[in-house]
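Visitor: Could you walk me through the charged pairs in this one, and then a helix?

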Amino acid sequence: MTKLKIPCVILTGGKSARMRVGGQQCDKALLPFGNYPSLLAYQHAKMSALFERVYISCKESYNLQVYASYILDCRSDFSPLLGIVRSLYALQQTIFVIPVDMPLVSVQSILKLCNHAHEAGVVYAKSSERFYLLGCWQMGMADALEDTLESNGSVASLLEGGLAVEVPEGVEFSNCNTYREYQRALKILNG
């Protein structure tokens with residue numbers, strides 16, 4: 001398979017506020033996943049097999065033990081949308097984004113979204129929910145997205161002009177926000 005030319009950005013700049021292991025809050029990106037030392041290492045390897053260029057959006061660099069490109073977000077507030085804005089400004093082109101905590105998204109779903117990348121300012125996955133952190137964002141959306149962040153506005157208005165790509169209901173679009181969800185994803189991964 002030819003790798004996709006659109007850059008992929010793995011979003012990791014959140015607080016992991018709901019991820020508690022043994023009563024302690026921990027960074028979900030660093031939890032072991034499958035045969036990988038971390039969820040981030042798993043996502044990086046998976047996306048590197050699909051995309052020519054993969055970047056990690058984060059507050060500070062991780063030690064992945066493999067070469068990785070980072071887009072650092074130095075602001076003190078936490079929002080995955082901030083990672084998208086910083087990535088758009090850094091790369092100056094359309095990007096594909098995926099949260100680190102969505103490891104079960106299929107290659108077919110990723111390709112389906114990327115096939116529509118240039119049809120709207122934002123192309124996102126949708127079933128009964130909107131997955132706007134999974135999809136393609138065009139450079140032209142950066143200023144509007146930053147304005148939405150600055151005004152604490154709703155991203156819903158940005159999505160109205162976007163393209164919702166229908167995806168089937170299923171576990172591939174579940175997040176690993178809590179330890180229970182993380183364990184469920186591991187169980188699904190291991191069959």
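**Salt bridges and a helix**

Guide: Let me begin with one acidic residue: Glu52 counts as partly exposed because its relative accessibility is 43%, where partly exposed lies between buried, under 20% relative accessible area, and exposed, over 50% (1.4 Å probe, protein chains only). This is a predicted model, in which local features need pLDDT of at least 70 and side-chain atom pairs count only at pLDDT 80 or more, while totals for chains, interfaces and linings use all residues. Residues are numbered from 1 along each chain as its sequence is written, and side-chain values use heavy atoms, with hydrogens and water left out.

Visitor: Which residue does Glu52 form a salt bridge with?

Guide: Its partner is Lys5, and the closest N and O atoms are 3.0 Å apart; a salt bridge here is a side-chain nitrogen of Lys or Arg within 4 Å of a carboxyl oxygen of Asp or Glu. The pair links distant parts of the chain, 47 residues apart, with Glu52 in the loop between α1 (39-48) and β4 (54-58) and Lys5 in the segment before β1 (8-11). Helices (H or I, at least four residues) and strands (E, at least two) are DSSP runs, numbered from the N terminus.

Visitor: And Lys5, buried or exposed?

Guide: Lys5 counts as exposed, because its relative accessibility is 57%.

Visitor: How many salt bridges are there in the whole structure?

Guide: A search of the whole structure finds four. Among them is the one between Asp101 and Lys28, at 2.7 Å from N to O, which joins the loop between β6 (95-99) and α3 (107-115) to the loop between β3 (24-25) and α1, across 73 residues.

Visitor: Are those two buried or exposed?

Guide: Asp101 counts as buried because its relative accessibility is 7%, and Lys28 is likewise classed as buried, at 12%.

Visitor: What does Arg86 pair with?

Guide: Arg86 meets Glu146 in a salt bridge, at 3.2 Å from N to O, and the two lie 60 residues apart, Arg86 in helix α2 (residues 80-91) and Glu146 in helix α4 (residues 142-150).

Visitor: Switching to α2 then, what does its buried side pack against?

Guide: The buried residues of α2, including Leu81, Ile84 and Leu88, pack against β1, β4, β5 (69-72), β6, β8 (130-137) and α4, contact meaning heavy atoms within 4.5 Å.

Visitor: What happens just after α2?

Guide: Gln92, just after α2, takes a positive phi of about 55°.
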